[in-house]
Amino acid sequence: MPRPSPAPAGAGRLAGPADVLGLRRMAAGLNLLRRPLPFLCRLRREYGAVCALPASRPRTLFAFGPEQARQVLTGAGFVSDSFRHLRLPAGSPMMLLTSGLLRLNGTVHRRHRQAMQRAFSPRYVNAYSDAIVRFTDEMLDRWRPGAQVVLHEELARLVTRISLATMAGLEDPVAAERLNDKMVRLAAAAGHPLTALVQVPLPGTPYARMTRLAAEIEEILRALVADRRAGGAGGDLLGRLAGPEGQEGERLTDDELLGEAYTALCHDSVASSLLWTLVLLDQHRPWWRRLREEVVQVAGQAPPTPATLARMPVLGRVVKESLRLMPPASFGVRYADEGAEVDGCPVPRGAMAVVSSFVTHRDPATFPQPLRFRPERWEDARPAQHEYFPFGLGQHNCIGRNLALLEMQLVLTRIMQRAPVVLPAGTVIDPVVRISTVPGGTVRALVTAPGAEAPACVPISGSLTELVALPR
């Protein structure tokens, strides 16, 4: 299809492609479901920092520039409502599971956030360091030099176990495996293009799978909530929130706890971030070696702690750059309320606004050579909050960012200490968006021995090479 002539921006009008009969907006919706990352990058190249469909009276708005992203994510005229595109029945399991912080607004959102924010402060999450390292060691005990592991599956299982232990005090590996499997399949079903198109639970449809899996996960989480209610306060998040006095200042109902527990247990963002960091390190071997050298010099073989991490600047730069290039939530959606506007242009109530950290982080004015993995840029880079926001921005920023960063750095350090990994020949990586950005197929990694010279770097193939400028 030939590129449409862009509608010029003007007073009260945003730039955007011509949209006869709404066909362009329908195509945009399909592209967001099927191939969002290339589609969003192309829109940014063709129409600039902000564009709309239709340009004269936007129903879909794309805010790509840092300033435009700030206006949407922090402006009073936009609200959060995750999964609004799905017509979920009130009280249904999927509605209950997704009725946490990412859907709430106003005073209810503030009440929930106040109830949870203390439990996610650095002081509290640092207490989970020993558990994170212990579960990581159990994973690495199974890894043998010369063997291959299915990387994302291993990391997802690990982070699920960590989440269950830190959020619900549950350390049973069988229960963790069961819940991990259901959550992975639920994310795939909810993110399937057909789920938005066929929103009835017909047998065999992704919507039906989503409905069934949500009910099964609700049952598991209700049992966890009941257990924490009966057992009184504990050191985990659910224990604090379910305690008789509402330890964190607020007492949430069982249904409210379900939504927040599901939000807290959604592990794929940490697992995917770990995977992309290991992939980028493999393809940039000088940084792979620099990180391993820092780990050896600073941590040795001792289990890392938050104090150890504070003395590892290379690790910090690697993680920041990985989150810049491959943020776990590559794009998010807000909805216009009364008084919404961007760059002084009114946005009609109900219009959908798409903000993409994946695209904004590729702004060359903020990050020179934006498609390249350059951790050295963080030696002096000081981007504003609206220029670099891998964990979101504004009142709906990720409340679990401190725990996510701690997990990432501890797990990466332990892998480099005990079982550094590289990618074998023939690796194909096609990123897809299923709530988080994850590989579309199986990605295997070759385990190497600590201290051994790693095999030569082998170029990978797949659509990742279109999104990141990898060395050749």
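Two strands pair if DSSP finds at least two bridges between them. Helices (H or I, at least four residues) and strands (E, at least two) are DSSP runs, numbered from the N terminus. The model is predicted, so local features need pLDDT of at least 70 and side-chain atom pairs count only at pLDDT 80 or more, while totals for chains, interfaces and linings use all residues. Residues are numbered from 1 along each chain as its sequence is written, and side-chain values use heavy atoms, with hydrogens and water left out.

**Exercise 1. Work out how β3 and β4 are joined and which way the β3 side chains point.**

Step 1: Start with the pairing. β3 and β4 run antiparallel over four bridges, and V50 sits opposite A63 in β4.

Step 2: Look at the link. The two strands make a hairpin, with six residues between them.

Step 3: Now the side chains. In a regular strand they alternate between the two faces of the sheet. Here V50 and A52 point one way from β3, C51 and L53 point the other way, and all are buried (under 20% relative accessible area with a 1.4 Å probe, protein chains only; exposed is over 50%, partly exposed in between).

**Exercise 2. Find the edges of the open five-stranded sheet.**

Step 1: Write down the order, β3-β4-β10-β7-β5, and note that the pairing is mixed.

Step 2: Check the ends. β3 (50-53) and β5 (78-79) each have a single partner strand, so one side of each lacks a neighbour in the sheet.

Step 3: Take the β5 end. β5 pairs with β7 (residues 332-336) in the antiparallel sense over two bridges, and F78 stands opposite A336 in β7.

**Exercise 3. Test the length of helix α17 and list what its buried residues pack against.**

Step 1: The expected span is 1.5 Å times one less than the number of residues. For the 13 residues of α17 (313-325) that should be 18 Å, and the end C-alpha atoms are 19 Å apart, which agrees.

Step 2: Buried residues of α17 include V314, L315 and V318.

Step 3: Their partners, by contact (heavy atoms within 4.5 Å), are α14 (268-283), α15 (285-298), α16 (306-309), α18 (357-360) and α19 (401-418).

**Exercise 4. Place L291: which residues does it contact beyond its neighbours within four places in sequence?**

Step 1: L291 lies in helix α15 and is buried, at a relative accessible area of 0%.

Step 2: Beyond those neighbours, L291 touches L281, V314, L315 and M416.

Step 3: The C-alpha atoms of L291 and V318 are 8.2 Å apart, with 27 residues separating them along the chain.
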